[in-house]
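This briefing is intended for a student who is beginning to read structures of protein and DNA together. Please keep the sequence and the three-dimensional view at hand while reading.

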Protein chains: 4
Amino acid sequence: MNQEQLKPDKTSPKKPRTASKEVRRQQLINATIDTIAKHGLAGTTMTIVTRAADLSAGLANFHFRTKQNLLEETLRFLAEEHHNQWKKSYEKANLAPKAKLLAIVAAHFHPKISNRKKIAVWFSFFAESTARAAYRKLADEIDAERRNLTVELCRQLIDEGGYEDVDPVNVAFTLEGLYDGLWLNILMYPGEFSRFDMMKRIEDYLALVFPKHFQCSPHSNGKG
Amino acid sequence: MNQEQLKPDKTSPKKPRTASKEVRRQQLINATIDTIAKHGLAGTTMTIVTRAADLSAGLANFHFRTKQNLLEETLRFLAEEHHNQWKKSYEKANLAPKAKLLAIVAAHFHPKISNRKKIAVWFSFFAESTARAAYRKLADEIDAERRNLTVELCRQLIDEGGYEDVDPVNVAFTLEGLYDGLWLNILMYPGEFSRFDMMKRIEDYLALVFPKHFQCSPHSNGKG
Amino acid sequence: MNQEQLKPDKTSPKKPRTASKEVRRQQLINATIDTIAKHGLAGTTMTIVTRAADLSAGLANFHFRTKQNLLEETLRFLAEEHHNQWKKSYEKANLAPKAKLLAIVAAHFHPKISNRKKIAVWFSFFAESTARAAYRKLADEIDAERRNLTVELCRQLIDEGGYEDVDPVNVAFTLEGLYDGLWLNILMYPGEFSRFDMMKRIEDYLALVFPKHFQCSPHSNGKG
Amino acid sequence: MNQEQLKPDKTSPKKPRTASKEVRRQQLINATIDTIAKHGLAGTTMTIVTRAADLSAGLANFHFRTKQNLLEETLRFLAEEHHNQWKKSYEKANLAPKAKLLAIVAAHFHPKISNRKKIAVWFSFFAESTARAAYRKLADEIDAERRNLTVELCRQLIDEGGYEDVDPVNVAFTLEGLYDGLWLNILMYPGEFSRFDMMKRIEDYLALVFPKHFQCSPHSNGKG
DNA sequence: AATGAATGAGACTTCATTCAT
DNA sequence: CATGAATGAAGTCTCATTCAT
């Protein structure tokens, strides 16, 4: 995994005492993700983060100035990683609307994006969003762009399939709700759901809305 | 609202110096909910909570022993309140499966249950559930009971309507995912969604799955 | 044991809700002794004491005004109990000096006086005597009277036996030192020494000083 | 005295902001000894200790983690200091048993070891030993080693002098009792006894037990 | 670029004492 | 005489941040 490579090998006799600004920043952000996932946002202290990064307390301050800033940069990193993930698949030219929609769904449940650790971090920030407007603003921006695209793709599917009664906005919001709800399942019931269970559940919903484009998959026990 | 009545009027010359254990506990739990909603779990201190309850710092310790215990009791209160809400409607005898299912949905979005303040608290606990097993256990228990009932109701609807391809377990989990995802919307986009928008979205989904029982509602802009 | 009788039977359905001032005071003093022995002076709180006495927090305040006062009264009780013990035996008329001296020794190691619980309390007060002059004053007074008597008795023994080289003051101080040192042994090595071991050790010393009056007892393993 | 040198001069414009771990630890341990002697164990707070050390409150936690740990390390320091003191004199090769025994006695009453301040600390820990097993264990270990040596030395003296009726174990325990009892005298009657008074009293006892080895010193008033 | 001792504000908690009942 | 909820000062400990090295 990415952050593991960056973390210096503890068994090696020496670790390099200097590294580039970017390497250190990423090292600390990865350690922050690990720590929030393990101890929760309330249990995340600079000491734990810097120890997880195998760096000194002073260095975190040097690179991020304040704890609050480190947290915000961590959220920004996750947001950008997420954004890049779906943007990359989505922008492959010549994809049909159906394939583009599925690309967004797949990105959402890609293991790099939707592992339990990162979901834990997302929900920590969601939970604090009432208290900290900065978090909500950040989360808002990426959601809005993706949702608008989803609305557009649904419109195209409606055109293609002639689904007269379907409201594209409604479908897009329901999809967004499903994304988050299923993520929460991954968080709360660790080990019970695979990414494929989740994607299947989304596709089953799409099959109901757009039956000419998507097929309802065969029964399963719903637990993967 | 309840906690407002309990909070003594600060302008009155005297407040009663003693009250029953139950009154004080509820007063503190209500103040805890207010505080988490306003400051987040990480920003919730005993000082803020007790000041919000207009009580002394020592009293919280007297009634709840530790902060952690107060938080857990607050979560338990919310869980029980939620549980009572849907159980009450659900148990009205002679209700058809469709009506029972709708009763559960309505309970989930009842203003007493799903106002922004309480949802903020729920998500705070969800976020910490990785770090604190006690939270997950509590949330688990109420979810499981309701989900099992939903599976059973779906099974009855399938029997009644002959929906051969519908997997009741799958539907139940998707519904649960939707509940949480829509709650998150209420949290993240305050003021944009009414409880009726949310319920309509659920019913639209049910209309797709069980078309003989539920009607898809007419178009809307999805924003309430 | 004394304090056990005073402590109401917890299994009885009712305890008398009122009792005389003296009974309650003694109940609380006994509970204080138990608590200091068990938790140390630093770990002794009014809550623990009153719970041990099976009484309410307010009552201790009613009877003793402050915690400090309760502690001092407890020390005074022990001091008086100790004083009465040796005074009673000592004052039996017609006792010879040797018998009187032995009476004082026996009183010091009487099970009512020198059980591990009470010794623990004594040393707690000794330890704080630097910080709290009141404790030292109290302990001083009883010690001085007894030591003066010991000096007088030694003088009489010296007269009787013609021990020319013996300094009665020196012997008295050494005896006092031995009393305390042996008490400390009882405290530090619970279960290893009986009162008879202790008294024998004192008598061995007296046999060395006053060989015509006391006999050195036969060898033992020194552990009782 | 040692701790005075370590304490920076408050009137100097600057004190060094950093020092080695060992220096700070010793500075805090010395301040702890001063504080216990002055305020008693129950009156010893971290605030008082750190102020006495002229250091910040947080630093004590940084170096000792908890108050309890600081107290235990303080006791350990005293125990080791004591142990080193008698071990050093004792191990001087070619000393006769008599000289070795006197070396142990002298170490016990050496001003570095048996000043009133440190004795106050010792008795504070003795008093709490019922409540805190850790204290007793620590005190036990050093006592046992020294007492065993004393037994051995007595045995050698008995051989040399042919004291048939003397039980070496008994003498050793009596000596230990005397040590502690005389220490308590130093604590309770400050200014009344010199170390020489104490040592003389021990030697008088030894002269009674081993008359061929030790001489009873001439009379004194027993008060130094 | 990096360390880690040091600070101090503020968190949680304890506990002697008060007081309405 | 008795209770026990309530207070609030003071205690221990945490932790983001600073700074000399």
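The points below treat the chain pairs, the helix packing, the domains and the DNA surfaces in turn.

The model is a predicted one. Chain B is in contact with chain A, and chain D is in contact with chain C. Residues of the protein chains also surround DNA strand E and DNA strand F.

**Chains A and B**

- Chain B is superposed on chain A by a rotation of 180° with 0.0 Å of shift along the axis, and the RMSD is 0.1 Å. The two copies are thus related as by a two-fold rotation axis.
- In the contact between these chains, chain B takes part with 45 residues and chain A with 46 residues.
- On the side of chain B that touches chain A, the elements giving two or more residues are α2, α7, α8 (133–161), α9 (168–188) and α10 (195–209) of chain B.
- Helix α9(B) provides the largest share of that side, namely 14 residues.
- Sorted by class, the side of chain B that touches chain A holds 21 nonpolar, 15 polar and nine charged residues.
- Of the interface residues of chain B, 100% are also interface residues in chain A, so the copies meet through the same surface.

**Chains C and D**

- A turn of 180° and a shift of 0.0 Å along the axis lay chain D on chain C with an RMSD of 0.1 Å.
- The contact joins 46 residues of chain D to 45 residues of chain C.
- Chain D contributes to this contact through α2 (21–39), α7 (116–128), α8 (133–161), α9 (168–188) and α10 (195–209), each of which supplies at least two residues.
- The largest share of the side of chain D that touches chain C comes from α9(D), with 15 residues.
- By class, this side of chain D consists of 21 nonpolar, 15 polar and 10 charged residues.
- Because 98% of the interface residues of chain D are also interface residues in chain C, the copies meet through the same surface.

**Helix packing within chain B**

- Two packed helices are described by the angle between their axes and the distance between the axes.
- The axes of helix α2 (residues 21–39) and helix α7 (residues 116–128) of chain B come within 8 Å and cross at roughly 80°. That crossing makes α2(B) roughly perpendicular to α7(B).
- The residues B:I33, B:D34, B:I36 and B:A37 of α2(B) meet B:K117, B:K118, B:A120, B:V121 and B:S124 of α7(B). Five residues of this contact are nonpolar, one is polar and three are charged.

**Domains of chain A**

- Chain A is divided into domain 1, covering 1–65, and domain 2, covering 75–224.
- Seven residues of domain 1 are in contact with seven residues of domain 2 in chain A. On the domain 1 side of this contact there are five nonpolar residues, one polar residue and one charged residue.

**Surfaces near the DNA strands**

- Which residues come nearest to DNA strand E? Of the 41 residues around DNA strand E, these are A:G58, B:T45, B:N61, C:M46 and D:G58.
- The surface near DNA strand E divides into 14 nonpolar, 18 polar and nine charged residues.
- DNA strand F is surrounded by 41 residues, and the closest are A:M46, B:S56, B:G58, C:G58 and D:N61.
- The surface near DNA strand F has 14 nonpolar, 18 polar and nine charged residues.

Conventions. Residues are numbered from 1 along each chain as its sequence is written. Chains are lettered from A and ligands numbered from 1 in the order in which they are written. This is a predicted model: local features need pLDDT of at least 70, side-chain atom pairs count only at pLDDT 80 or more; totals for chains, interfaces and linings use all residues. Axes are lines fitted to C-alpha atoms, for helices over the stretch in contact, and angles run from 0 to 180 degrees between N-to-C directions. Helices (H or I, at least four residues) and strands (E, at least two) are DSSP runs, numbered from the N terminus. Angles under 35 degrees count as roughly parallel, over 145 as roughly antiparallel, 65 to 115 as roughly perpendicular and the rest as oblique. Two residues are in contact if their C-beta atoms, placed from the backbone, lie within 7 Å. Ala, Val, Leu, Ile, Met, Phe, Trp, Tyr, Cys and Pro count as nonpolar, Asp, Glu, Lys and Arg as charged, and the others, Gly among them, as polar. Copies are superposed by least squares on the C-alpha atoms of residues with pLDDT of at least 70 in both. A residue is near a molecule or strand if its C-beta atom, placed from the backbone, lies within 6 Å of it. Domain bounds come from an automatic or database domain assignment.
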